[in-house]
Amino acid sequence: LAKAIIDNTKLKPKAKNNDYQTRKCAVDSLGFLICNYILHSQQHCNSVDKYIDAVIAAFDDYEMDPRMGDVGSNVRISCITQIINVLLALHNESKFDLLNKYAYTAMKCVIKQLAEKMASVRRVAGNVMQYFFYELKDSLNEISNNEEELCNIVIDMCYQDFITSKHFAWSMCGNKIINNRIIYQNHNIYK
């Protein structure tokens with residue numbers, strides 16, 4: 001069953017029975033399986049990598065339909081919601097080795113969606129990023145209780161790879177960035 005679901009997440013050029021709705025449902029089903037069955041099964045937990053990799057690979061679905069436009073966006077929206085559900089499940093199940101392995105790649109995929117032309121994709125990616133950040137904000141305090149150090153970590157992460165991730169850095173640490181700048185300028189905001 002899982003193999004068939006993974007196969008249906010893939011875009012197959014010129015193949016019958018591979019429409020975007022099938023791929024979207026396959027991604028949704030795969031996310032559900034990972035969160036509710038695979039992570040809890042000793043037999044399948046060792047092979048969770050291939051399931052998560054399939055969800056991440058589906059982020060590259062940019063299929064265009066001559067009549068309906070970017071139908072791959074429906075698959076990417078499912079990828080956004082499912083990968084965040086998977087990351088939260090990994091966190092809740094204390095599977096920190098897998099969380100560390102996939103969090104950076106998954107978040108890069110979601111952040112990339114913030115730059116999409118499709119407003120619906122950007123909106124879902126933005127909502128999920130905010131939810132994800134606030135849901136795990138307490139975990140960031142385990143890394144460091146120093147607000148300035150956390151701000152620097154977020155800025156370093158966000159300004160390395162994607163220009164679109166600057167929005168995330170500003171939405172999460174904007175007040176601290178402005179306060180640091182004001183202090184740096186000796187409280188003179190008109191320089």
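Q: In what orientation do α1 and α4 stand to each other?
A: In this predicted model, local features need pLDDT of at least 70 and side-chain atom pairs pLDDT 80 or more, while totals for chains, interfaces and linings use all residues. Residues are numbered from 1 along each chain, and side-chain values use heavy atoms, without hydrogens or water. Helices α1 (residues 2–9) and α4 (residues 48–57), which are DSSP runs of H or I with at least four residues, pack at about 25 degrees with axes 9 Å apart. The angle, taken from 0 to 180 degrees between N-to-C directions of axes fitted to C-alpha atoms over the stretch in contact, is under 35 degrees, and α1 and α4 are therefore roughly parallel.

Q: Which residues of α4 make the contact with α1?
A: Contact requires heavy atoms within 4.5 Å. From α1, Ala2, Ile6 and Thr9 take part. Their partners on α4 are Lys50, Tyr51 and Ala54.

Q: How are α1 and α2 oriented to each other?
A: The axes of α1 and α2 come within 8 Å and cross at roughly 135 degrees. Angles outside the ranges under 35, 65 to 115 and over 145 degrees fall into the remaining class. The helices α1 and α2 are therefore oblique.

Q: Which helix gives the most residues to the largest nonpolar core?
A: This core has 44 residues, among which Ile34, Ile52 and Ile83 touch the most other members. Helices α1, α2, α4, α5, α6 and α7 each supply at least two of its residues. With ten residues, the helix that gives the most is α5.

Methods: A nonpolar core is a set of buried Ala, Val, Leu, Ile, Met, Phe, Trp, Tyr and Cys residues joined through side-chain atoms within 4.5 Å. Buried means under 20% relative accessible area, exposed over 50%, partly exposed in between (1.4 Å probe, protein chains only).
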